[in-house]
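Here is a walk through one structure, with a stop at the side chains and strands worth a look. Have the viewer open as you read.

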Amino acid sequence: RLEEQYIYQLFDSNGDTINDALQRVPALGGPPPVAIPVAENIEQIEFSYIMANGSTQETVPDPGQLENIRAVQITLLARADQPDYRYTNQQIYTTLFDKTWDPALFTIPNSLNYRRRILLATIELRNMGLL
C-alpha cells in the first residue's frame, strides 16, 4: 500500500512577510521534511473534500475517514508577478465554499493593480473505495 501525504501551504518566498507562493511538505514520518516550492504568485488556496456519501467537507477528514474521500476540490487565486498601474482590479473572488477573497484587503502594496485569475478544479481520486 503506497501512502503519500503532503501538506500544501502558502509561504513567503522572498522575505517580505507576505505569503505569496505555494509549497508542499511531506506529512509522514522519516527524515526531517523538506519543503518543495510548487508555484509562485499564489495568494489564496482552499481545499474541500467530496466523501463517499456525497457530502462535501471543508476541513481535512479525520485519519479514519481518509479512505472515504472520492474527490478533492481546489480553489487557487493567482496574481501577476508585477502590478499594472493602468489596471484596477475591483473583482471579489468567490470560492467553492462561498468564501470571498477581496484584493482590496490583501496586504501587498498596490494590491488592486494586479491582474488575477481564479482556478476551481475537482480532482477525482482513482481506485478509491474499491477494496
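Start with Arg-24, whose charged end sits over the ring of Tyr-6, 4.0 Å from the ring centre. "Over a ring" here means that NZ of Lys or CZ of Arg is within 6 Å of the ring centre and within 35 degrees of the ring normal. Arg-79 does likewise with Tyr-114, its charged end being 4.7 Å from the centre of that ring.

A word on what you're looking at: this is a predicted model, in which local features need pLDDT of at least 70 and side-chain atom pairs count only at pLDDT 80 or more, while totals for chains, interfaces and linings use all residues. Residues are numbered from 1 along each chain as its sequence is written, and side-chain values use heavy atoms, with hydrogens and water left out.

Arg-79 turns up again beside Glu-43: their side chains make a polar contact of 3.3 Å. Arg-116 joins in from its own side chain, with a polar contact to the Glu-43 side chain at 2.5 Å. (A polar contact is a pair of N or O atoms within 3.5 Å; within protein, one must be able to donate a hydrogen and the other to accept it, and residues adjacent in sequence count only if both atoms are side-chain atoms.) Is Glu-43 buried or exposed? Glu-43 has a relative accessible area of 8%, so it counts as buried; the cut-offs are under 20% for buried and over 50% for exposed, with partly exposed in between (1.4 Å probe, protein chains only). Beyond its neighbours within four places in sequence, Glu-43 is in contact (heavy atoms within 4.5 Å) with residues including Leu-10, Leu-77, Phe-106 and Ile-108.

Glu-43 is part of strand β4, residues 42-51. Strands are DSSP runs of E, at least two residues long, and helices are runs of H or I of at least four, numbered from the N terminus. β4 belongs to an open four-stranded sheet with antiparallel pairing, in the order β5-β4-β6-β9. β5 (56-57) and β9 (116-124) are at the edges with a single partner strand each, so one side of each has no neighbour in the sheet. Strands pair if DSSP finds at least two bridges between them, and β4 and β5 have two, in the antiparallel sense. In one of these strands, β5, Thr-56 is the bridge partner of Ile-50.

The structure has one aromatic pair. The ring centres of Tyr-8 and Phe-47 are 6.2 Å apart and the planes are at 45°, so the pair is tilted. Rings of Phe, Tyr and Trp (its six-membered ring) pair with centres within 6.5 Å; planes under 30 degrees apart are stacked, over 60 edge-to-face, and the rest tilted. Tyr-8 is in β1 (residues 6-11) and Phe-47 in β4, 39 residues apart.

Then there are two residues that aren't glycine yet have a positive phi, Thr-17 and Asn-110. Most residues other than glycine have a negative phi.

| Residue | Phi | Loop | Relative accessible area |
|---|---|---|---|
| Thr-17 | about 70° | between β1 and β2 (21-26) | 73%, exposed |
| Asn-110 | about 55° | between β8 (100-101) and β9 | 39%, partly exposed |
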